[in-house]
Amino acid sequence: MSVFEHASFDNHERVLFATDKVTGLKAIIAVHTTVTGPACGGCRFWSYSTSEAALNDALRLSQGMSYKNIMAGLPIGGGKSVIMKPDGDFDRDALFQAFGRAVESLNGAYITAEDVGVNPSDMMSVRKFTKHAVGLPEGKAASGDPSPITAEGVFRGLKVCVERGLGKSSLDGVRVAIQGASGHVGNYLAGHLAGAGAELVITDINEPGLKALNEKYGAQIVGPDEIYDADVDVFAPCALGSIINPDTIDRIKAKVIAGAANNQLATQDMGAELQKRGKIYAPDYVLNAGGIINVMGEITGDFDPSWVQGKLDGLETTLADILDISDSEGRPSNLIADEMARNRIEDARGGKVLETA
Ligand code: NAD
């Protein structure tokens, strides 16, 4: 398995491979950049078929965190970690404690939090061995589960896209397909959308969660693969990455693609392909920054909900700016966002002062 030659390697400052024989821990911590502060990003707990797949996720997701954090104007860098779910029985508490020891070995260069498959009580296990873990359910300035704020940011950005793409200032009657609707973010997003009058088409591999949404909001349930063909105005991917790819792109009927999932585009050129098809794509790491914004208060030890709301306003403005530039220059929104993010990182590297207020 190559690292420096890996297609997703982007001059990452550090990549730590951590194992623990007793607990079965196999984790990768990727620190993409600390140029604006300690690298911060969640930990994903997933059944990876190969360590190559886990490395790819860690490298891509950590670069995405650098871009996300700098676009949200946060004084932190980008990092991410993945834990390969052990086969068979395992002691979850002990596994996350072992992960905590690995995080601690980086002496604060990386701060971890929840991502897919990880919950606040796992973070309490991590915290037993390192203070560099946030998203805790209790303690000073605890910000808890970041998903509700992530969902709020996605909801607000989605409305910006709908206004541009469909010319509607209200979501009343707008049809939205949510992939991963039973998940943490998907569930909260469904609540916001239903509250605003949107009609929901939902899918997930976790069926009981879907039934609850069906009963609560009258959402139409479709199979995991059928979601791509749904006759909707908006597609909100809130499950896993790479779901916009050559096999799915021509099946998507929605004009707007705006969801929480990280790395939605299987490859960068999918952004141009979406643009060619007249779609509005909200760059994922811009739209889903609510969670890390919420967690920021915990990092600084000074959680302030009004600061969080101000940052969500900023998220909407940044997204609108990206879509404006994309329109005026006729270039895909994902490339505009990447360019802005890279420029901001280079500015920070060059010592320019960042706007973090
Ligand atoms: P989650 O694990 O709670 O939810 C993901 C959901 O997707 C689950 O219900 C799962 O059953 C479902 N799913 C998995 N594979 C699927 C498939 N093939 N088809 C349909 N559904 C499938 O995770 P989450 O915290 O809600 O995060 C969702 C996405 O948003 C992830 O990509 C995550 O990286 C991203 N994200 C989350 C946050 C946050 O605050 N939680 C912040 C930023 C980005």
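A helix here is a DSSP run of H or I at least four residues long, and helices are numbered from the N terminus. Keep that in mind for the end of the tour, and remember throughout that you're looking at a predicted model.

**Stop one: the two domains**

Start by colouring residues 3-58 together with 79-127; that's domain 1. Now give another colour to 147-289 plus 318-341, which make up domain 2. If you place a marker at the C-alpha centre of each domain, the two markers will sit 27 Å apart.

**Stop two: the largest pocket**

Next, select Asp115, Val116, Gly117, Cys238 and Ala239. Of the 48 residues lining the largest pocket, these lie nearest its centre. The pocket holds about 1,200 Å³ of space. Why does it lie between the domains? Domain 1 and domain 2 both give residues to its lining, so that's where it ends up.

To see the walls, show β4 (43-46), α1 (51-71), α4 (147-166), α5 (184-195) and α9 (290-300); each of them supplies at least two lining residues. Try colouring the lining by class, too: you should get 20 nonpolar, 19 polar and nine charged residues.

**Stop three: the second largest pocket**

Keep α1 on screen and add Arg60, Gln63, Asn263, Gln268 and Asp338. You've now picked out the residues nearest the centre of the second largest pocket, which has 22 lining residues. Its volume is about 400 Å³. Which elements give two or more residues to this lining? They are α1, α8 (284-287) and α11 (333-349). Of these, α1 gives the most, with five residues.

Colour this lining by class and you'll find nine nonpolar, eight polar and five charged residues. The second largest pocket also lies between domain 1 and domain 2, because both give residues to its lining.

**Stop four: helix α10**

Finally, select residues 305-329 to bring up α10, a helix of 25 residues. Draw a line from its first C-alpha to its last and you'll get 36 Å, close to the 36 Å expected at 1.5 Å a residue.

Which residues of α10 are buried? Show side chains for Val308, Lys311, Leu312, Leu315 and Thr318, then add Leu319, Ala320, Ile322, Leu323 and Ser326: these are the buried ones. Notice that Lys311 is among them.

One last click: go just past the end of α10 to glycine 330, which follows the helix. Check its backbone and you'll see that phi is positive, near 65°.

Key. Residues are numbered from 1 along each chain as its sequence is written. This is a predicted model: local features need pLDDT of at least 70, side-chain atom pairs count only at pLDDT 80 or more; totals for chains, interfaces and linings use all residues. Side-chain values use heavy atoms; hydrogens and water are left out. On a 1 Å grid over the protein atoms alone, a cavity is a set of points where a 1.4 Å probe fits but cannot get out, and a pocket is an open set with protein on both sides within 12 Å along at least five of seven lines; lining residues have an atom within 4 Å of a point. Grid points are joined across faces, edges and corners, and a volume is the space filled by probe spheres set on the points. Ala, Val, Leu, Ile, Met, Phe, Trp, Tyr, Cys and Pro count as nonpolar, Asp, Glu, Lys and Arg as charged, and the others, Gly among them, as polar. Domain bounds come from an automatic or database domain assignment. The expected span of a helix is 1.5 Å times one less than its number of residues. Buried means under 20% relative accessible area, exposed over 50%, partly exposed in between (1.4 Å probe, protein chains only).
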